[in-house]
Amino acid sequence: MPTAKKRPDLYTSEEGAKIQEALKNMATDIGYSTIDSYSANADAHPDHLVSFVDKHMAYLQTHPSVDPDHYLANLRLMTRVR
């Protein structure tokens, strides 16, 4: 069975810090709809909510073939409040 490839250094790398900063800026900007998501994993998320930043950082971590710049651009388009 194939295993998911991960970016082992996304959370600690300079690129990861820039991505995380961009996601945090989106989360604090009222021009974007960045509500927390439900998580069934009560061990990792006792309140059953995963933050916008954590959710998208985890996605990029587990999908190394995704271009982070394009991902952020599409995320901005999809979450913009009109």
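**Exercise 1. Determine where His56 lies and which residues surround it.**

*Solution.* His56 lies in helix 2. The model under study is a predicted one.

Step 1: classify the residue. The relative accessibility of His56 is 8%. Since buried means under 20% relative accessible area, His56 counts as buried.

Step 2: list the contacts. With residues up to four places away in sequence set aside, His56 touches Leu23, Tyr71 and Leu75.

Step 3: assign these partners to elements. Leu23 is one of the buried residues of helix 1, while Tyr71 and Leu75 are among the buried residues of helix 3.

Step 4: look for a polar partner. The side chains of His56 and Tyr71 are joined by a polar contact of 2.6 Å.

**Exercise 2. Describe the overall architecture of the protein.**

*Solution.* Step 1: count the elements. The protein has three helices and two strands, and from the N terminus these follow the order α-β-β-α-α.

Step 2: consider the extent. Along the principal axes, the C-alpha atoms fill a box of roughly 45 × 30 × 25 Å.

Step 3: consider burial and surface. Of the 82 residues, 29% count as buried. The protein exposes about 5900 Å², and carbon and sulfur atoms supply 55% of that area.

Step 4: consider the range of the contacts. Among contacts with a separation of 6 or more, 62% are between residues 24 or more positions apart.

**Exercise 3. Establish whether the buried residues of helix 1 lie on one side or are spread around the axis, and identify what they pack against.**

*Solution.* Step 1: check the geometry of the helix. At 1.5 Å a residue, the 15 residues of helix 1 should span 21 Å, and the end C-alpha atoms are 21 Å apart, which agrees.

Step 2: list the buried residues. In helix 1 these are Gly16, Ile19, Ala22, Leu23 and Met26. They cover an arc of only 125° around the axis and therefore lie on the same side of helix 1.

Step 3: recall the periodicity. An α-helix has 3.6 residues a turn, so residues three or four places apart point the same way.

Step 4: find the cover. The buried residues of helix 1 pack against helix 2 (52-62) and helix 3 (68-79).

Step 5: turn to the other face. Away from the buried side, helix 1 carries the exposed residues Glu14, Lys18 and Thr28.

**Exercise 4. Examine Gly16 as one member of the buried side of helix 1.**

*Solution.* Step 1: Gly16 has a relative accessible area of 0% and is therefore buried.

Step 2: beyond its neighbours within four places in sequence, Gly16 is in contact with Leu10 and Met57.

Step 3: compare sequence and space. Gly16 and Leu60 are 44 residues apart in sequence, with their C-alpha atoms 9.4 Å apart.

**Exercise 5. Locate the salt bridge of the structure and describe its setting.**

*Solution.* Step 1: a search of the whole structure finds one salt bridge. Glu14 forms a salt bridge with Lys18, and the closest N and O atoms are 3.6 Å apart.

Step 2: both residues lie in helix 1, four residues apart, or about one turn of the helix.

Step 3: assess accessibility. The threshold for exposed is over 50% relative accessible area. Glu14 is therefore exposed at 59%, and Lys18 likewise counts as exposed at 56%.

**Exercise 6. Carry out the analysis of sides for helix 3.**

*Solution.* Step 1: helix 3 has twelve residues and reaches 16 Å from its first C-alpha to its last, close to the 16 Å expected at 1.5 Å a residue.

Step 2: its buried residues are Pro68, Tyr71, Leu72, Leu75 and Thr79. Because they cover an arc of only 95° around the axis, they lie on the same side of helix 3.

Step 3: the cover over these buried residues includes helix 1 and helix 2.

Step 4: the face turned away carries the exposed residues Asp69, His70 and Leu77.

**Exercise 7. State what is notable about the backbone of His48, and give its location.**

*Solution.* Step 1: most residues other than glycine have a negative phi.

Step 2: His48 is not a glycine, yet its phi is positive, at about 65°.

Step 3: His48 is placed in the loop between strand 1 (37-38) and strand 2 (49-50). At 28% relative accessibility, His48 counts as partly exposed.

Notes:
Residues numbered from 1 in each chain as written. Predicted model: local features only at pLDDT ≥ 70, side-chain atom pairs only at ≥ 80, totals over all residues. Heavy atoms only, no water. Buried < 20%, exposed > 50% of the residue type's maximum accessible area, 1.4 Å probe, protein only. Contact = heavy atoms within 4.5 Å. Salt bridge = Lys/Arg side-chain N within 4 Å of Asp/Glu carboxyl O. Expected span 1.5 Å × (residues − 1). Arc of directions from axis to C-beta. Areas by Shrake-Rupley, 256 points an atom, 1.4 Å probe, with all protein chains shown as cover. Polar contact = N/O pair within 3.5 Å; in protein donor to acceptor, adjacent residues only side chain to side chain.
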